[in-house]
There are 2 protein chains.
Amino acid sequence: MTRASSRRPGPPTRTERGIPEATVARLPVYLRALTALSDNGIATASSEDLATAAGVNSAKLRKDLSYLGSYGTRGVGYDVEYLRYQIAREIGVTQDWAVVIVGIGNLGHALANYSGFGTRGFRIVALLDADPKLVGERIGDMEVRDFAELEDIVERDRVSIGVITTPAGPAQEVCDRLVAAGVTSILNFAPVVLSVPDGVDIRKVDLSIELQILAYHEQRKSGEAALPQVPELPAMNGLSDLPSVGGGVGA
Amino acid sequence: MTRASSRRPGPPTRTERGIPEATVARLPVYLRALTALSDNGIATASSEDLATAAGVNSAKLRKDLSYLGSYGTRGVGYDVEYLRYQIAREIGVTQDWAVVIVGIGNLGHALANYSGFGTRGFRIVALLDADPKLVGERIGDMEVRDFAELEDIVERDRVSIGVITTPAGPAQEVCDRLVAAGVTSILNFAPVVLSVPDGVDIRKVDLSIELQILAYHEQRKSGEAALPQVPELPAMNGLSDLPSVGGGVGA
DNA sequence: TAGATTGTTAATCGATTAACAATC
DNA sequence: TAGATTGTTAATCGATTAACAATC
């Protein structure tokens, strides 16, 4: 969330279009919950219903929704379709955003094939890789194109979002090229801290960080109730001869 | 972060092993930064150096490290190797955690092949899928095994962490099975809110949510400086006949 | 000793939550 | 009107940040 913050002082008024970051991060969760309710033919839902579906408490949900406006009816609840549309509009997924994926290794492949690319709202316009061996390969109904075409594609298709699925090494360079080409939002899967200029948003998805956070809590559980995960058998701990899962992401 | 909170009142004393969640989430980032410095042969680093490498400000970094103890030297900085070990120990990655991956579709495949599985600290002990067509398939040096073997594997290998890479549909059922088998930490890639009992930690990685958060900010940029991403050509907006990237994750 | 840098304090900011008045 | 549920207030909690005394 490297966002150039340009906020005036004073309390955030609703009309000032200043929705707290924590709320913004939950809007997509509410959107998904509403879509699920809608698919189940449910026309109206209380904040309690919605909160349950979204996995938050109802006070938080009501507070979050209050930043968007007053879309509920006291004593009744929320109209599922109406609220869904309002949230989709607020997030900006009533229009389609053009996306490029750079780095067609295992992960890039997986993302390229990922059907529910955000329940619409996004459109992959190109899969790019610098490796000539990959260029031309078909994935689903797309073809991998040369990374050198980036600038043309970004301009032609008005691409504003780039997804980086390269290894750590080339990620910063790829990032710089994306930014120079005009991309202003980046989703980074490479395990590096990328630096971008003000005005460019960057978000990071990092498997090993997530696992490490789980490990931290896991370590502290062992004593409490369940059995420890640290094996009592000395030979098993850390010295495993199981291979460390080779491969490499390979862009 | 559905963690059974069992905190006594009062300010968090350093010795009370109560590191703030926000700090815990950054420790892996510091660990990675230290590893990079170490790989570059740097033996000592100031909080400023480290903060730059980790992409945070130095005040935050020092505050974070202060929860672990006093591992720096005033006027000098931090010994890279020493601090790296201390953080690794605090996180719990000086030991190996056994991990199972459930759902060997595109994403499961990608994760199974992912080499740097957290710069060590984790060991994939099984790839599981309920689809008989997948069972037996080799991925790297592992073989996909039947999901029915879950309980045996968890017990035998003392698995505490499960990664769910199934589609949304079966995810809750898979989750329940993991929990019943004794898994107490779950990393969920399926686009659903999973419910777990107290004492089980769950973290979620969600591509489409990340993209939607970017879209929200992107939408609000358009007016400001750069060109709008909403095409001026009416025919291009939302009505694209480009296929919505079909496929399905398929467990 | 002078310069550098940590570890900690205290102020500030933002997020969460419970409670309830407004109102359907 | 009585019951239900929203939208908002206010209290609380946790996270960030700047500043600086401690100390190498």
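This is a chat about how the protein chains meet DNA strand C in a predicted model.

Reader: How many residues surround DNA strand C, and which are the closest?
Author: In this predicted model, 26 residues surround DNA strand C, and the closest are R26(A), R74(A), S47(B), G72(B) and Y78(B).

Reader: And what is R74(A) doing there, in terms of polar atoms?
Author: A polar atom in the side chain of R74(A) is placed 2.8 Å from a base nitrogen of DNA strand C.

Reader: Okay, which side chain has an N or O atom 2.9 Å from a phosphate oxygen?
Author: That is N57(A), whose side chain brings an N or O atom to 2.9 Å from a phosphate oxygen of DNA strand C. From chain B, Y71(B) has a backbone N or O atom that lies 3.4 Å from a phosphate oxygen of the strand.

Reader: Which elements give two or more residues to that surface?
Author: In chain A they are α1 (21-39) and α3 (58-66), while in chain B they are α3 (58-66), β2 (72-73) and β3 (77-79). The largest share, four residues, comes from α3(A).

Reader: What about the DNA side, how much of it is sugar or phosphate?
Author: Counting the atoms of DNA strand C within 4 Å of the protein, 65% belong to sugar or phosphate, and the rest belong to bases.

Reader: How do the residues of the surface near the strand divide by type?
Author: They divide into 11 polar, nine charged and six nonpolar residues.

Reader: Switching topic, what is the mean pLDDT of chain A?
Author: The mean is 84, with 80% of the residues of chain A at 70 or more. Residues 1-16 of chain A, however, have pLDDT below 50, and this stretch has 21 contacts in the model beyond near neighbours in sequence.

Methods: Residues numbered from 1 in each chain as written. Chains lettered and ligands numbered in written order. Heavy atoms only, no water. Near = heavy atom within 4 Å. Polar contact = N/O pair within 3.5 Å; in protein donor to acceptor, adjacent residues only side chain to side chain. Nonpolar A, V, L, I, M, F, W, Y, C, P; charged D, E, K, R; others polar. pLDDT = per-residue confidence, 0-100. Contact = heavy atoms within 4.5 Å.
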